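This report turns to the packing of nonpolar side chains and to the pairing of charged ones. The sequence and structure come first.

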Amino acid sequence: MVIIPTYNEAENIRPIVTRVRESVPDAHILVADDNSPDGTGKVADELAVEDDHVKVLHRKGKEGLGAAYLAGFRWGIEHGYGVLVEMDADGSHQPEELPRLLTALKGADLVIGSRWVPGGRIVNWPKSREFISRGGSTYSRLLLDVPIRDMTAGYRAFRKETLEGIGMDEVASQGYCFQIDLAWRAIKAGFHVIEVPVTFIERERGESKMSRDIVTEAAWRVMSWGVGTRVNKVLGRKDSRDSRDSKDSKDSKDF
């Protein structure tokens, strides 16, 4: 199931759903709409009537990207889906590259569509936005001591078992921080995480949801997690995110 969170994406939702269906015909799509005032939910309902592969999760209001994805993950797991995909509604994540992520998932627990590995690239971004994204990933990688190059990437494919094993009920972060949180949780829990290159294209229609508050939250939370983990190691305390001690060591391979 491909989960597409929306807030004021009425112009974008039909084209992106069409592209997903053409790229992976067997995929189902869940539009998780945060009661968009521009009528996105209504357009999604029309798509669901036209195509039984499209479902709609109407939420009460704008609660943020992280909350929308968590609600979508829970809905998908409850309805029996074994693979759940994160994808933006604005076209920045290319549905035509989804088969690459799904193929890679055959040998992994989480696949991240990465802009910052060889072969990955961005299109139509200002240098300031690229600096924030690259800097945020580097900052997170160093503080959290993980090898992922694109920690803030939002194009991802999860196995159901991965989501069930990372403590979703404890996740409260949003935006950039939400993506960092989930990737770090997966690594700490011993899951096999890999990156595949993707092309990220800046939206052509609608407004970006990026804000200074999202970046600030990520910086503070990542610092808190990194410092907390190091303090726990010094004091010999178990980190609360090390939740899969019983998992065979062969599954905790390099990612």
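Is R100 buried, partly exposed or exposed? At 40% relative accessibility, R100 counts as partly exposed, where buried means under 20% relative accessible area, exposed over 50%, and partly exposed in between, computed with a 1.4 Å probe on protein chains only. The model is a predicted one, in which local features need pLDDT of at least 70 and side-chain atom pairs count only at pLDDT 80 or more, while totals for chains, interfaces and linings use all residues. Residues are numbered from 1 along each chain as its sequence is written, and side-chain values use heavy atoms, with hydrogens and water left out.

**Charged pairs**

Side chains of opposite charge can pair when their charged atoms come close. A search of the whole structure finds 14 salt bridges, each defined as a side-chain nitrogen of Lys or Arg within 4 Å of a carboxyl oxygen of Asp or Glu. Three of them are set out below.

| Salt bridge | N to O distance | Relative accessibility |
|---|---|---|
| R14 and E50 | 3.1 Å | R14 31%, E50 54% |
| R100 and E97 | 3.6 Å | R100 40%, E97 12% |
| R134 and E130 | 2.9 Å | R134 41%, E130 16% |

E50 lies in helix α2 (residues 40-50) and R14 in helix α1 (residues 13-23), so their salt bridge ties together parts that are 36 residues apart in sequence; helices here are DSSP runs of H or I with at least four residues, strands are runs of E with at least two, and both are numbered from the N terminus. R134 and E130, by contrast, are four residues apart in helix α5 (residues 127-144), which means that about one helical turn separates them. Within this last pair, R134 is partly exposed, whereas E130 counts as buried. Salt bridges with shared partners also join R14, E46 and E50 into one network.

**Nonpolar cores**

The largest nonpolar core (buried Ala, Val, Leu, Ile, Met, Phe, Trp, Tyr and Cys residues joined through side-chain atoms within 4.5 Å) has 35 residues, of which F73 and L163 touch the most other members. Two or more residues are given to this core by each of β2 (29-33), α3 (65-78), β5 (110-114) and α7 (175-188), and α7 provides the largest share, seven residues. Leaving aside residues up to four places away in sequence, F73 touches I3, L84, E86, F158, L163, M168, F178 and L182, contact being heavy atoms within 4.5 Å. Apart from this core lies another, of 28 residues, including I4, V54, V56 and L98.
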